[in-house]
Amino acid sequence: MVFYISLGVLLILVLFGVFIPSTLETVTSNVQSVITNSFGWYYLILVTLFVIVCLYFLISPIGKIRLGKQDEKPEFSVGTWLAMLFSAGMGIGLVFWGTAEPISHYALSSPTGGEEGTNQAIRDALRFTFFHWGIHAWAIYGIVALVIAYFNFRHDERGLISATLRPILGKRVDGATGKIIDILAVLATVIGVATTLGFGATQINGGLAYLFGLPVNFMIQLIIIVVVTVLFMMSAWSGLGKGIKILSNANMGLAGLLFLLMFILGPTLTILNLFTNTIGTYLQNLPSMSFRISPLNEEVRTWINGWTIFYWAWWIAWSPFVGIFIARVSKGRTIREFVFGVLIAPSVIGFLWFSTFGGSAIMLEHNGIAEISSLSTEQSLFGVFEHYPMGTFLSIVAIILIGTFFITSADSGTYVLGMMTANGSHNPSNRIKLTWGIMLSVIAIVLLYSGGLQALQNTMIAAALPFSVIMALMTISLIKALRKEAKELGIGKIPIKK
């Protein structure tokens, strides 16, 4: 039922995208605009509550509880585990936005309404980039992953979103209510991964155009998607312990190489100073940024809706996919280890990445060497490389890295969709994964051809609103179950000496 209803809804969306793309984009854009304008306060409060809950688990005695049996060991090493959750979570996003977001905040639209292109603009640009890609983003993924992993591995529930709500909904999770929840999760996952395939293809096309003068058109993007589809289906066919594991480790190796080269060849001392200073201002201003809605300044409120609220909705829409995948690879970790690995470690890696690539881009423009802000989002990274030694080599490594992140995201997506439409099975059949892999690629190709990718992105943001309510219920369900178990195990009690 979940598979066929999800497929039917997706086919309707695709048909609209093919035959009336402009109408679909207008309607979905209006819906997205209403949501971001009317529910911005709700997203800010909810996501901050997720952060508080995760940090509580990090320091609470409850953190001793293991995601599995209490003597169970993790399935993957720490390095492989971090590589897998990072590749599925934000790998391709960091490459795509590594230079584009900081340079936009610095040169095009100030987060605070101040003057662009100033020293203060540099500080604000990196601080708000850290905010968008830091612990708030990972808390959204982390809370979904933690709830699923706890109920799946600790209480032997099925690996489904609906199964985590049993403490609240009872037997209704096995009926129509549970199916609706799982269908919504499948739709959000398909739309998110298909959108990523489309945008990933455009960035690879943009890089090839910048380097080799290839045209930016549908045929090139079609070839890219076909090649990537073949590669990620080969990876998916080999299973979680082989294809995704090997590719995730390769991703981190390539990302590490690109980062080190840029760090060494770029303005190294400036990068270190920007990183250190921005960490301080980020931590200092975190409470105020978390609740910043700017009700009396229309210009700043428009910026918040277009960036912060958009990001929170984007991460929420992606959370079923990333959350289920992170949960699957986290079996055997303690809750404290899980929260540290999912919340803190990826945030620090992201901060270093944006300081290096975003800082290098900003300094090129700030010193009058290049106008990076005039380039498209897809080409800004390659425009930065052009002004440093080994620029062509860096660009080639970046294109390969985008490709491997691209493959890993799609590969992980087919695995998660297989789980969600195979009643939560940890080993969905290759036939189901193949079906979803082809479906993802076809949707991306059709919408690239018809110009409907933006409409699909708008639809995903709209889907985030009802799923955010499900996330809130999941969090309540987790807290209720953990409090009960902690009481049974005597966790947190102070021993009384006789």
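**Overall architecture and salt-bridge network of the predicted model**

For a chain of 498 residues, a compact globule would be expected to have a radius of gyration near 23 Å, and the protein chain, with 22 Å, agrees with this expectation. The structure described here is a predicted model. Along the principal axes, the C-alpha trace of the protein chain extends over about 70 × 60 × 45 Å. The secondary structure consists of 19 helices, with zero strands in the protein chain. Among contacts in the protein chain with a separation of 6 or more, 83% involve residues 24 or more positions apart.

Burial and surface composition were then examined. Of the 498 residues in the protein chain, 60% count as buried. The accessible surface of the protein chain amounts to about 19200 Å², and carbon and sulfur atoms contribute 67% of this area. With respect to charge, the protein chain carries 29 positive and 22 negative side chains. The centres of these two sets are separated by 18 Å.

In the whole structure, 10 salt bridges were found. Several of the charged residues are joined in a network of salt bridges, formed by E157, R158, R166 and D174. Within this network, the side chains of E157 and R166 form a salt bridge with an N to O distance of 2.6 Å. R166 is also paired with D174, for which the closest N and O atoms lie 3.0 Å apart. A further salt bridge joins the side chains of R158 and D174, at 3.2 Å from N to O. This last pair links distant parts of the chain, the two residues being 16 residues apart. R158 is located in the loop between α8 (135-154) and α9 (166-169), whereas D174 is located in the loop between α9 and α10 (176-212).

The members of the network were also examined for solvent accessibility. E157 has a relative accessibility of 16% and therefore counts as buried, since this value falls under the 20% cut-off. R166, by contrast, is partly exposed, with a relative accessible area of 26%. R158 is likewise partly exposed, at 25%. For D174 the relative accessibility is 41%, and this residue also counts as partly exposed.

Backbone geometry was considered next. Most residues other than glycine have a negative phi. Against this background, D156 has a positive phi of about 60° although it is not a glycine. D156 lies in the loop between α8 and α9, the loop that also contains R158. The relative accessible area of D156 is 59%, so this residue is exposed, the value being over the 50% cut-off.

A positive phi is also found at M390, where the angle is near 60° in a residue other than glycine. M390 is placed in the loop between α16 (380-385) and α17 (391-420). With a relative accessibility of 42%, M390 counts as partly exposed.

Definitions and conventions
Residues are numbered from 1 along each chain as its sequence is written. This is a predicted model: local features need pLDDT of at least 70, side-chain atom pairs count only at pLDDT 80 or more; totals for chains, interfaces and linings use all residues. Side-chain values use heavy atoms; hydrogens and water are left out. Helices (H or I, at least four residues) and strands (E, at least two) are DSSP runs, numbered from the N terminus. The radius of gyration is taken over C-alpha atoms; the globule rule is 2.2 Å times the number of residues to the power 0.38. Buried means under 20% relative accessible area, exposed over 50%, partly exposed in between (1.4 Å probe, protein chains only). Contact means heavy atoms within 4.5 Å. Accessible areas come from the Shrake-Rupley method with a 1.4 Å probe; for residues, only the protein chains shown count as cover. Lys and Arg count as positive and Asp and Glu as negative; His and the chain ends are not counted. The place of a charge is taken as NZ of Lys, CZ of Arg, CG of Asp or CD of Glu. A salt bridge is a side-chain nitrogen of Lys or Arg within 4 Å of a carboxyl oxygen of Asp or Glu.
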